[in-house]
There are 2 protein chains.
Amino acid sequence: MTEHTHQTAPTQFVEANGIRFAYRRFGKASGAPLVFNQHFRGTMDYWDPAVTDGLAKNREVILFDNAGVSSTSGRVPTTMQEMGANAIAFIKALGPAKVDALGFSIGGMVAQEIAAQAPDLVRRLILVGTGPRGADMSTSKSAEIFAGAYDPPEHLWLAVHFSPSPSGRAAGLAFLKRKLLRKDRDPEVSDEAAAAQREAITKYYAPAAGALNYLKEIRQPTLIVQGSNDVIVPTVNSYILQQNLPNAELIVYPDANHGSFYQYPELFVSDADQFLSSTLQERDANLKSSERLPFPSIVSATGV
Amino acid sequence: MTEHTHQTAPTQFVEANGIRFAYRRFGKASGAPLVFNQHFRGTMDYWDPAVTDGLAKNREVILFDNAGVSSTSGRVPTTMQEMGANAIAFIKALGPAKVDALGFSIGGMVAQEIAAQAPDLVRRLILVGTGPRGADMSTSKSAEIFAGAYDPPEHLWLAVHFSPSPSGRAAGLAFLKRKLLRKDRDPEVSDEAAAAQREAITKYYAPAAGALNYLKEIRQPTLIVQGSNDVIVPTVNSYILQQNLPNAELIVYPDANHGSFYQYPELFVSDADQFLSSTLQERDANLKSSERLPFPSIVSATGV
């Protein structure tokens with residue numbers, strides 16, 4: 001494919017659904033490319049180069065701005081469902097028959113929507129720091145953290161993504177350095193776009209009967225990655241995702257917050273690589289085993 | 001060290017605490033050996049050779065029978081604390097200055113005791129299908145499963161260890177084949193010994209105020225491995241362990257039961273190998289960061 005990296009991949013454009021989508025692609029062409037779905041207020045420049053370049057060693061990586069975000073035209077819709085539909089239109093316009101989808105925070109909600117709405121388009125899913133419809137946000141500190149003022153302002157992302165331990169703090173400062181290396185940057189997300197994203201989040205986690213039912217239909221092998229103490233989307237939501245998705249593995253990293261994969265980028269790249277490139281039969285066996293056997297083998301019970 | 005494997009390693013004996021401990025050791029000598037702590041009613045022959053031989057490729061593996069179990073003399077104590085003390089005596093009699101400890105089910109409870117009582121003896125911990133003191137056993141089906149009759153009797157372990165899906169069932173039958181290969185077998189656990197183990201389990205999960213406090217003192221890097229639906233020690237206990245241990249990573253495998261690591265032996269060996277051999281700074285950084293910083297960087301809050 002290209003010799004490009006996170007730092008050098010040019011911003012390109014493709015039109016779909018009447019929207020002009022901005023994207024960048026780089027890495028080794030082979031099999032399904034990995035499409036990154038970004039978090040609240042994030043642009044293509046908000047991904048950690050250690051993660052994107054790390055994963056690009058073994059596959060093509062595609063970053064994009066969804067509708068209304070940064071360099072992409074259109075408006076940010078106020079539901080995750082519509083964001084998912086826009087992402088699907090973007091992927092189809094680009095052309096790959098199948099992709100792997102990684103989503104972080106609201107990007108993880110969008111990635112679930114992509115898999116739910118276009119199951120044949122998605123091979124495997126990686127969901128980082130996210131939750132299901134009807135997510136339990138009762139312990140989230142998101143509102144107070146995003147309402148805070150920081151000096152320098154970039155330190156907002158230390159509070160959002162990193163644990164307050166010395167090693168978490170050090171990892172956060174290293175992340176900010178990596179993140180700010182690229183000079184020709186995507187424009188920041190507008191307040192109007194952020195407000196629409198916020199409305200979509202509020203709708204998404206509104207309690208509703210049967211809110212989790214859709215998860216049973218997402219049968220792709222899924223890797224869920226979470227920090228031990230996510231103050232934005234509380235950690236328990238990843239446990240709930242794992243318990244309700246038919247074929248999901250959960251990894252919770254120690255001493256980590258919302259951006260656990262930026263705190264341990266080498267470890268995450270290794271885990272994600274293993275998951276995405278795994279040819280272990282067992283990874284896909286579950287896809288075929290929708291039919292459950294009755295609980296096995298007790299031929300008579302002698303009491304308890 | 002030796003050319004021995006799970007199938008050929010001779011049973012040896014060492015005396016400590018007035019107990020004659022039976023053990024087997026094999027694998028590549030290098031750094032801390034990995035000591036396996038066995039589950040309820042299990043002997044040295046109950047481990048999955050795919051797991052023990054898999055891990056023995058990069059380190060020495062030590063299997064043993066704790067006091068009163070199978071080939072080891074003495075009586076099974078009725079508390080995990082005493083089982084842990086016996087395991088420590090065994091390890092010290094063998095001589096390594098530091099070990100890694102893997103524990104499965106009640107073996108995981110014993111491994112926690114080893115780390116709690118002899119923190120300097122343990123480098124890293126792997127806890128599979130287990131729980132903390134005061135574990136939530138409310139949804140456990142252990143009593144009815146162990147009280148059942150099975151044809152053939154070995155199929156008890158399908159119900160205990162494997163998921164009822166077709167792939168779980170197939171993995172279980174393959175495990176039983178591997179497990180029964182060795183001919184000079186450790187004697188089965190006596191009913192008296194099993195009764196003492198059962199009493200220890202019941203005491204262990206009795207609710208008690210502050211039951212989880214001891215976990216804060218286990219600062220070793222810990223890998224917790226669990227199946228998505230453990231019917232013996234309910235899965236949520238691994239989540240609770242992760243949330244309360246200072247430096248623990250949790251992996252939950254999909255479509256898996258109590259013996260998740262026997263259902264995905266290659267995947268587990270790969271994950272455990274990565275964990276045990278990791279030289280990532282971050283693995284050990286947390287050990288040094290007992291001092292938490294105040295929540296970072298909000299210099300003023302503008303309200304929510």
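This tour goes from the whole of chain A to a residue inside it, and then to a residue in chain B.

**Before you start**

You are looking at a predicted model, in which local features need pLDDT of at least 70 and side-chain atom pairs count only at pLDDT 80 or more, while totals for chains, interfaces and linings use all residues. Residues are numbered from 1 along each chain as its sequence is written, chains are lettered from A and ligands numbered from 1 in the order in which they are written, and side-chain values use heavy atoms, with hydrogens and water left out.

**Stop 1: select chain A**

Show chain A as a cartoon and you can look for 11 helices and 10 strands. Both are DSSP runs numbered from the N terminus: helices are H or I with at least four residues, strands are E with at least two. Turn the chain around: its C-alpha trace spans about 70 × 40 × 35 Å along the principal axes.

Now try a surface view. The accessible surface of chain A is about 11200 Å², and 54% of that belongs to carbon and sulfur atoms; the areas come from the Shrake-Rupley method with a 1.4 Å probe, and for residues only the protein chains shown count as cover. Of the 304 residues in chain A, 61% are buried. Here buried means under 20% relative accessible area, exposed over 50%, and partly exposed in between (1.4 Å probe, protein chains only).

**Stop 2: select T52(A)**

Find helix α1, residues 49–56 of chain A, and pick out T52(A) within it. Is T52(A) buried or exposed? With a relative accessible area of 0%, T52(A) is buried.

Next, show the side chain of H6(A): a polar contact of 2.8 Å joins it to the side chain of T52(A). A polar contact is a pair of N or O atoms within 3.5 Å; within protein, one must be able to donate a hydrogen and the other to accept it, and residues adjacent in sequence count only if both atoms are side-chain atoms. Then look at P49(A), whose backbone oxygen lies 3.4 Å from a polar atom of the T52(A) side chain.

**Stop 3: select S163(B)**

Move to chain B and the loop between α5 (156–161) and α6 (166–179), where S163(B) lies. S163(B) has 4% relative accessibility and counts as buried.

Which side chain makes a polar contact of 2.8 Å with the side chain of S163(B)? Select D255(B) to see that partner. Leaving aside neighbours within four places in sequence, S163(B) is also in contact (heavy atoms within 4.5 Å) with residues including G168(B), R169(B) and Q263(B).
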